[in-house]
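Please open the structure in a viewer and keep the selection tool at hand. The tour proceeds by selections, each followed by a description of what is found there.

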Amino acid sequence: MTRISVGDASMTNILARQGSDLRAQVQRAAQEVTTGRHTDIGKAMRGDVAPLLAVDASLARLAAYRTSTTDAAFQAAAQQSAVSGLSQLAAGITMTLMGARDVQTPAQVNATAAEARGRLASAMGLVNTQASGRAVFSGVATDTVPLGSAEDMLAALETAAAGALTAGDVETAVNGWFSDPLGFGLFYQGGAALSAVPVAPGETADLSTTAMDPAIRDTLAGFAMAALIDRGVLAGNAEERARLAQTAGQTLLRTEDARITLSARIGTVEARIEAARTRNAAEETSLGILRADIGSVDPYEAATRLEAVRAQLESLYLVTARVSRLSLTEYLR
Amino acid sequence: MSVTSALAGALSGLSATSRQAEILSSNVANATTPGYVRREVGLGAAVLAGHGQGVQILGVRRDVDRHLLGERRLAEAGTGDRDVRAGFLQRVERALGSADSPSSLAARLAAFDQALVEAAGRPESQARLNGIATTARSLIAGFAAATTDIQTARAAADRRIGEEVTRLNATLQQLHELNVNLRSFTGAGRDVSALLDERQRLVDQISAIVPVREVPRDLNQIALFTTGGAPLLEGSAAEIGFTPVHTITPEMTQALGGLSGITINGRPFDTAGSASPILGGTLGALFSVRDELAVSAQGKLDAAARDLVERFSGIDPTLAPGAAGLFTDAGGAFDPLDEVGLAGRLRLNPAADPDQGGALFRLRDGLGAATEGPPGNGTLLSALHSALTGARPLSSTGFPAGNRSFAALASDILSDAAALRLSAQSEQSFTAARLTALTDLEAQNGIDTDREMQELLVIEKNYAANAKVIQAVADMIDTLIRLDG
C-alpha cells in the first residue's frame, strides 16, 4: 500500500524559508525607504556602475572648478579695478600736463610735476594690488609685488637721464629705460606670466597680464617723466621743463587706447569666467538631478514594496499559526 | 491446529506490535533529527511446517530514496561551490568599494582629481598642495587596502582548504570504521539502521566538500569516488595531502611555487581544469579562489596601479628619464617586469610627501626641484591633471585593453567587480533554489507525525486484539481445566 505522506520538516522548512526571505525583503525595503539609497547599487545598475561613477566624478570636478573660477574671477576683478584706477589717475592729470607749455607758469609746472609724482606713487600702488595675498600683476611670482618704490624708480631714471639737456633727451632716456630689459625689466620683481587657469572642463581663463604689459609700462613712463621734473631734471631750463611736462601729458594721452584695450581684454576674461561659472552651476544642477535619478530609490516605489511585503509577512504569520495547530496529536487526547 | 498454537500466534502478534511501537516511538522522537531516515518494521506471516504460525518480523527497513539522496548531495556540493565563489567576489567588490560609497576607489580618485584642479587654479596655496598629497595618499591607501583584502581572502581560502582536507581525512577514516562495523553487524543479522544513518550523515559531510558517487557493495559496504573519478574510500580510506601556508603574498602561486596543491595517497592531482577530480564542491571552489579568482582580481588592481604610476612618470621636466614619478613602486621607479602586487606597494614620491621628509612645493615645481620656484606656477599641476584625465592605452595585460582616462579605468574595474559578483550571485541563487527543491522533497519523505499517530492507533488496536485473543484462549483453557474439577 502506498500512502501519501508529507514529512513535518517539509512544512517547517518552507515556512521558515519564506519567513526569512520576507523578513530580508522588509529590511531591504525599510532601509531603502529611510535612506533613499539602493541597498545594492551594483544590482540596481545591473553591474555597470560606470554612469554613476562618471556623474560622481563630474560633480567632484565641478566642485573643484567652482573654487578655481571664484579665485580666477577675484583676480580678474582685481586686475580690472587696478587698470581702471590707472586710467582715472592718468585722466585726472593729462590735460593739466598738456597745457604746461602754453598756459602755465614755471611755478604751476612745478606744482603739476609734484602732483604727477604723487600720482606715480598711487599708480605703482595700484599695480602692486594684492587679491587675497596674491600679487595680481606679478605673474607666477604671486608672493612678491611687481614693483619697488616710486623713489627707487625715479632714482634709476635720473641716473639714466643724467646729462640730458633737452626734454627730448629725457624722453628718449625714460622710454629707453622702460623698454630696456636691464632697466624696467630688472626693476620688475615679478615672474613670467601666469599659465592659463582651468575654469571648466577643458576650458581655461587667461590671467597672464603682468606689470610688464605695454599699457601699464607706458602709463608708468608717462607719470615718471612728469615726476622727474619734480625731482629736478633739466633744472633751470623752464622752457624744457614745460616741454617735458607736455611730452608726459602726450604720453599719457597716447596710452589711453592701450589702457582701454587692456581693460577690455581683462573684461573679456571676466565674462568668460562668469560664463564658465554659470555653465558649471547649470551642469552641476542637472548632474545632481541625474545622480538622484540613477543612484537613488524612488521613495514611492520603495514604500509600496514595503507595504506589500509587510502584508505578505503578516499572512505568513497567520498561516504558520494555523498550520502548526493542524496536528492529529491535538485531537488524540 | 491447537489451542497452544493459537496462544503462540497471538503472542507473536503482541511482540510484533510492540516492536512496531518501539520503531514508531523512535520515528516520532527523531521527527526533527537531521539525517534520520524513517524506519518501518517489515512483517511477514510465519510459516512452520507448512502451517501458519502467527506473524514474524522480517527486519527494519530504512525508507530512503537513493536517487534523491544522490541528487541532493550533488546540489549541496554545487551550492557550496557557488557560495564560496560568490562570497569571494562580493568581498572583492567591497574591497574596491561600492559605487556610491565615499571610500571607494572611484571616490578617492575623484577627490584626487578635484584636488589637482583646485591646486592648478591657485598653485601658491599650501593648503591645496597639501590637498593633493592627502588625496593621493588616500588613493594609495585605497589600493593598499584592496590588495590586503584580496590577499587576506586568499590566505583564508588556503587555511580553509587545510581545514577541509583535515575534516575530509577524519571523516573518511570514520567511514572506514563504520564500514568495518557494518560488515560484522550485518553478518550477525543485527539492526544496523542507526549505523546506516550515521554513515549517510558522514557521506553528506564529505559530499559538501567534494561531490562524491556512492557505490554500494555487499554486506552494507560502500565505496566512495569523487564525481571526477578519484577514489576516496575503497576497502580503506584514502589519505589526502595538503600543506597550508601562513602568509600569502601576491607573488606566490601554485605554479610558481610557494603554495601547495593536493595529493591523494601521495599522488598529486590537478586542482583546476577538466583533469581535476576534486572540482564541484567547496574544496574545488577554494582552490579556484586562491589560484584563479584572487589572482585575477589582484591582476586587475595591479593593472590600474601600473597605469597610475605610468601616467605620472615622464611628465616632470625636473626628473631624469626613467626616474619614479609622483607615484612610486615602494619609493623607487616601477619595473614593468615586476607588476604583480604593485597595488600593495604604491607609495607617494618621498620628495613631495611631507610625511616622508619631502616638501609640498615639489608637487608644483617638479619632484627634482632643489629649491622652491615661483609660487604661482601652475604649469606642472595642469600637466598632472591632464595626465590623469587623458586617454591612454593600458600597458598591462591584467585587464582588457583600451584607451581610457584613469577615471574610466577605475570605473571599468569597479563595474567589472560588480558584474562578476552579480553573475556569481545569480548562479548561486540558481543552485540554492535547486538544493531547496531537493531538500524539500527529502523533507517530504521524512517523518510525518500525523501518519505515525495513525499507525499508532492501528498498533494500539492490534495489540488490544492480540491481547483479546490471549484472554479468549486462556478462558478456553480454563474451561477445559474446570471440566476436571
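The stops below pass from the interface between the chains to the parts of each chain. Please bear in mind throughout that this is a predicted model.

**First stop: the interface of chains A and B**

Begin by displaying both chains. How many residues does each chain bring to the contact? Chain B contributes 48 residues, and chain A contributes 48 residues. On chain B, select α3 (105–121), α9 (379–389), α10 (406–444) and α11 (449–484), each of which supplies at least two residues of the side that touches chain A. Which of these elements gives the largest share? That share belongs to α10(B), with 14 residues. Colouring the chain B side by residue class shows 18 nonpolar, 18 polar and twelve charged residues.

**Second stop: the domains of chain B**

Next, hide chain A and colour chain B by its domain assignment. Domain 1 covers 3–63 + 446–484, while domain 2 covers 70–214 + 274–435. The centres of domain 1 and domain 2 of chain B, taken over C-alpha atoms, are separated by 66 Å. Where domain 1 of chain B meets domain 2 of chain B, six residues come from the former and seven residues from the latter. The side of domain 1 of chain B that touches domain 2 of chain B consists of three nonpolar, one polar and two charged residues.

**Third stop: a sheet in chain B**

Remain in chain B and select its four-stranded open sheet, whose order is β3-β4-β5-β6 with antiparallel pairing. Strands of a sheet pair through backbone hydrogen bonds. The edge strands are β3 (212–217) and β6 (236–237) of chain B, each pairing on one side only. Between them, β4 (residues 221–226) and β5 (residues 231–234) of chain B run antiparallel and are joined by two bridges. To locate this pairing, select Leu224(B), whose bridge partner in β5(B) is Leu233(B). Now add helix α5 (residues 193–209) of chain B, which lies across β3 and β4 of chain B and runs at about 150° to β3(B).

**Fourth stop: a hairpin in chain A**

Show chain A again and select β3 (residues 197–200) and β4 (residues 203–205) of chain A, which pair in the antiparallel sense over three bridges. Within this pair, Pro198(A) stands opposite Thr204(A) of β4(A). The strands β3(A) and β4(A) form a hairpin with two residues between them. What is the phi of Gly202(A) in the turn? It is positive, at about 75°.

**Fifth stop: helices packed on α3 of chain A**

Finally, select helix α3 (residues 50–98) and helix α5 (residues 106–127) of chain A, whose axes come within 9 Å and cross at roughly 170°. The helices α3(A) and α5(A) are therefore roughly antiparallel to each other. To see their contact, display residues including Leu86(A), Leu89(A) and Ile93(A) in α3(A), with Ala116(A), Arg119(A) and Leu126(A) among those in α5(A). This contact has nine nonpolar, four polar and two charged residues.

Then add helix α10 (residues 238–254) of chain A, which packs with α3(A) at an angle of about 140°, their axes 8 Å apart. The helices α3(A) and α10(A) are therefore oblique to each other, and their crossing is left-handed. Among the residues in contact are Ala90(A) and Leu97(A) of α3(A), together with Ala245(A), Gly249(A) and Leu252(A) of α10(A). By class, the contact of α3(A) with α10(A) has seven nonpolar, four polar and no charged residues.

Note on methods:
Residues are numbered from 1 along each chain as its sequence is written. Chains are lettered from A and ligands numbered from 1 in the order in which they are written. This is a predicted model: local features need pLDDT of at least 70, side-chain atom pairs count only at pLDDT 80 or more; totals for chains, interfaces and linings use all residues. Two residues are in contact if their C-beta atoms, placed from the backbone, lie within 7 Å. Ala, Val, Leu, Ile, Met, Phe, Trp, Tyr, Cys and Pro count as nonpolar, Asp, Glu, Lys and Arg as charged, and the others, Gly among them, as polar. Domain bounds come from an automatic or database domain assignment. Two strands pair if DSSP finds at least two bridges between them. Axes are lines fitted to C-alpha atoms, for helices over the stretch in contact, and angles run from 0 to 180 degrees between N-to-C directions. Angles under 35 degrees count as roughly parallel, over 145 as roughly antiparallel, 65 to 115 as roughly perpendicular and the rest as oblique. A crossing is left-handed if the near helix is turned anticlockwise from the far one by less than a right angle, and right-handed if clockwise.
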